[in-house]
Amino acid sequence: MSLQELAKMLKTVDDLDKKLPAIIENPDLDARESAYNKKIESITGKILDIQKNLENTQSDLGESRRLVARITRAESNFMDLISNYNQIKKLSTTFFNMKKTRRYADKIDVKEIEGDIIKWDEFRWKIMYYSADLSEEKYLMIQPLVNDIEKRYLEWEIQVLKVGENFFTLDDYGEEYFSRENVLSMIVYEEKKDVEALRAKRGRDGSNPTVEKEYFALGGTKFVIDTDVIAGNERIKSTLEYDRAFYYANKSLCARPVRKLKLRFLKNVYKAISQREIYNAIGDLKLLFKTEAFDVNNENSIFVFYHAVLKSKINLSTLEAGDILNLLAFKKSYNTLLQAHSVTMTDDILDEERFIDRYLSVLQNKIALWISNITNLEVEMLKERSKAPPLDESNLFISTNFINLLKIIKEQLEPVTFDERIFKGVSRFILDSVTDFKNAIVLTLENEYKSAISLSSTPGYEEYAIMIGNSGLKLTQYIANIPQCQNVEISELGEIFISIVKSSNHFLIKFVLATLKPAIKELFTERYYAEKNLKQITATLKDFLDDYKECMNEYVFVTFVNDLAAEFSTVYFKQLIKKKSLIYQSLCDNIENDQDVMNRLFWPYVNEDIVNLTVLNPLLVTRSVDTFIAETKNVLYTYEFKKDFIKSLIKKRSDLDANEIKELTDAVNSVYVSDDGTKKKKSMFKMFKFK
């Protein structure tokens, strides 16, 4: 129901009371009200749309006005826009790069930048190149980033150069990232960028950049540093047309300086080489050979430089004998290493002949002095005998001077076995000095023996003589075990020491027999035939043998016992022709008994019969001339007895008359005449010598 219709129905005041309630209660009223409200809403929406369209129209109008203004400005500045195109491009690229960098800079830690610092450095030069024409205000916006990259690059470069400085000790210094292999790869890449920068500049400028030779000074000598020694070098061989094309594609490389990092790295490595000691060389060279980046075949290779450095460090005039020897041994190892890697040098690292001559010259005087001092000490000790001789680990007498002599021999011979000429020379020097040593010792033993048997010297002669024998054997055993023992000088050296052992035993035997002299004088006298025993002799010998066994080396003792048995036999036979000696028919039985007694004495010490006293028995009983001649020849075939000794035996025989003595004597003359100049006989000493 519209307002007009309601106004027509309610004309009076009474209509309000009568008609209005009915109108309100009419069911069509709600429907009409809803329809009315919808019309109101529709109208309101259209009004709002009109308002929005109006606002959009106003906004479009403002944008259009601004666009018109921009077009107007562009039209007025068109020529300026074309002329500054390159600058606008640089500015846009620079800010784009700066924005890209700042986006990630806060998210990247130092390690990550270091890990790819070369790429960051390339990025820096692009920024620098495209920022060339910026105003100071705008460049200051970029500078913090450029400085930060530069700082980190310099830190990286210092680390790389430190690897060169510490190339041979890197295991004690470097991190895994800055290993030799990684750093060598880095500097090869850096050199490649140097080459590219040179190429770009040549393409831009149209001229060839000059590359001066670099040198490393070592004393008064200059060595060319050839970067080709490290594999991966790339020379500028392209054409100018190619370089121009390269420049247009890589203009930013023109902003990059040629750093020569590879060259500076090599300078540090060369400096490290020049500071290394000679004894480091073998290990250093093995490392360089193992590092495949170094070119072995380059004529200016790092190996040639190392060779020159080694030569410069060797000054023969200032070297001691030990240093010379070490250098000679080093040369052999050095040459072997070079040959193993097919490296040939134009000259030897040292003149071997001069070094050997110098070494032998220096050593000869030293060896003579050392052994002379030892000789004096040993002779003085033998004479004074102020205390008991020293004992070795087996409680046997040993001379400390002999031990010192052994040390000298070992220290001089063992290091020179690598060179035959040096070994022979040193052996000869030692042999000459040891000969003097032996002569002095033997002379002192002899002089002290004379004093000892006359009881006019300090006690202890026997102990010191035993000490000399033990010590001589110890040196003999060492000489026998030298691989070069068949060498003439070494063989003679061994003979000298064994002769010292023999001399020691010789004077001990003389001392023992001198002690037995009163008892030996009683042999073959009336008392001897009456008592028929050697008790005094055997008892005395047993005391000596028991005492000596405790402090003698086993071999020295066994040799001593055999030599003593042989010498006793000689003295025993000589006693047969002494003035007081008597040769009766029963003597052969006594001699057989004496032989048995003496063998029983020596058996516990050597486990064999070593005494043969019956060798002359056939000559003591034979009366027939022919038989005597045959027996004499039989004896002389094996043993050497002088003719006068055999004649004296004949004269001493109590069973022969004058005619028989003459016949047998004539027979002896005939035997020695016919046997003269024939087979050489063994002496009695050799007969009983221990084998």
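These legends go with several close-up views of one predicted model.

**View 1. The whole protein is built mainly around helices in number: 30 helices and two strands.**
The protein has 691 residues, and 42% of them are buried. Its accessible surface comes to about 39,200 Å². Carbon and sulfur atoms hold 51% of that surface. Now take the contacts in the protein with a separation of 6 or more. Residues 24 or more positions apart account for 77% of these. The disulfide count is zero.

**View 2. One cavity of 30 Å³ or more is found in the structure.**
About 30 Å³ of space lies in the largest cavity. Which residues line it? They are Leu-382, Arg-385, Thr-444, Leu-445, Glu-448, Tyr-461, Tyr-464 and Ala-465. Two helices each give two or more residues to this lining: α18 (420–453) and α19 (461–480). By type, the lining residues divide into five nonpolar, one polar and two charged.

**View 3. Helix α13 (residues 281–290) is mostly covered.**
Seven of the ten residues of α13 are buried. Find Ala-281 and Ile-282 at the start of the list of buried residues. Asp-284, Leu-285, Leu-287, Leu-288 and Phe-289 complete it. What covers these buried residues? The cover includes α10, α14 (302–313) and α15 (321–340). A general point helps when reading any helix. An α-helix has 3.6 residues a turn, so residues three or four places apart point the same way.

**View 4. Glu-157 sits in helix α9 (residues 136–165).**
Is Glu-157 buried or exposed? Glu-157 has a relative accessible area of 9%, so it counts as buried. Now look for its partners beyond four places in sequence. Glu-157 is in contact with Arg-259, Leu-261 and Arg-264.

**View 5. Asn-505 belongs to helix α20 (residues 488–515).**
The relative accessibility of Asn-505 is 1%, so this residue counts as buried. Which residues does Asn-505 touch, leaving out those up to four places away in sequence? Asn-505 touches Met-552, Val-556, Thr-559, Phe-560 and Asp-563. Glu-462 makes a useful second landmark for this view. Along the chain, Asn-505 and Glu-462 are 43 residues apart. Their C-alpha atoms are separated by 9.9 Å.

**View 6. Asn-395 has a positive phi.**
Phi of Asn-395 is near 60°, and this residue is not a glycine. Most residues other than glycine have a negative phi. Where is Asn-395 found? Look in the loop between α16 (352–384) and α17 (400–413). Asn-395 has a relative accessible area of 52%, so it counts as exposed.

**View 7. Phe-524 also has a positive phi, of about 65°.**
Phe-524 is not a glycine. This residue lies in the loop between α21 (517–521) and α22 (526–531). Is Phe-524 buried or exposed? The relative accessibility of Phe-524 is 0%, so it counts as buried. Compare the two loop residues: Asn-395 is exposed, whereas Phe-524 is buried.

**View 8. Asp-205 lies in helix α10 (residues 180–205).**
Asp-205 has a relative accessible area of 47%. That value makes Asp-205 partly exposed, because the exposed class needs over 50%. Next, find Leu-240. Asp-205 and Leu-240 are 35 residues apart in sequence. In space, C-alpha to C-alpha, Asp-205 and Leu-240 are 10.0 Å apart.

**View 9. Asn-376 is part of helix α16.**
Asn-376 is partly exposed, with a relative accessible area of 48%. How many residues lie between the positions of Asn-376 and Ala-440, counted as places apart along the chain? They are 64 residues apart. The C-alpha atoms of Asn-376 and Ala-440 are separated by 8.7 Å.

**View 10. Two cysteines, Cys-254 and Cys-588, are buried.**
Cys-254 has 12% relative accessibility. Cys-588 has a relative accessible area of 10%. Both values are under 20%, so both residues count as buried. Zero disulfides are counted in the protein.

Definitions and conventions. Residues are numbered from 1 along each chain as its sequence is written. This is a predicted model: local features need pLDDT of at least 70, side-chain atom pairs count only at pLDDT 80 or more; totals for chains, interfaces and linings use all residues. Side-chain values use heavy atoms; hydrogens and water are left out. On a 1 Å grid over the protein atoms alone, a cavity is a set of points where a 1.4 Å probe fits but cannot get out, and a pocket is an open set with protein on both sides within 12 Å along at least five of seven lines; lining residues have an atom within 4 Å of a point. Grid points are joined across faces, edges and corners, and a volume is the space filled by probe spheres set on the points. Helices (H or I, at least four residues) and strands (E, at least two) are DSSP runs, numbered from the N terminus. Ala, Val, Leu, Ile, Met, Phe, Trp, Tyr, Cys and Pro count as nonpolar, Asp, Glu, Lys and Arg as charged, and the others, Gly among them, as polar. Buried means under 20% relative accessible area, exposed over 50%, partly exposed in between (1.4 Å probe, protein chains only). Contact means heavy atoms within 4.5 Å. Accessible areas come from the Shrake-Rupley method with a 1.4 Å probe; for residues, only the protein chains shown count as cover. A disulfide is a pair of cysteine sulfur atoms within 2.5 Å.
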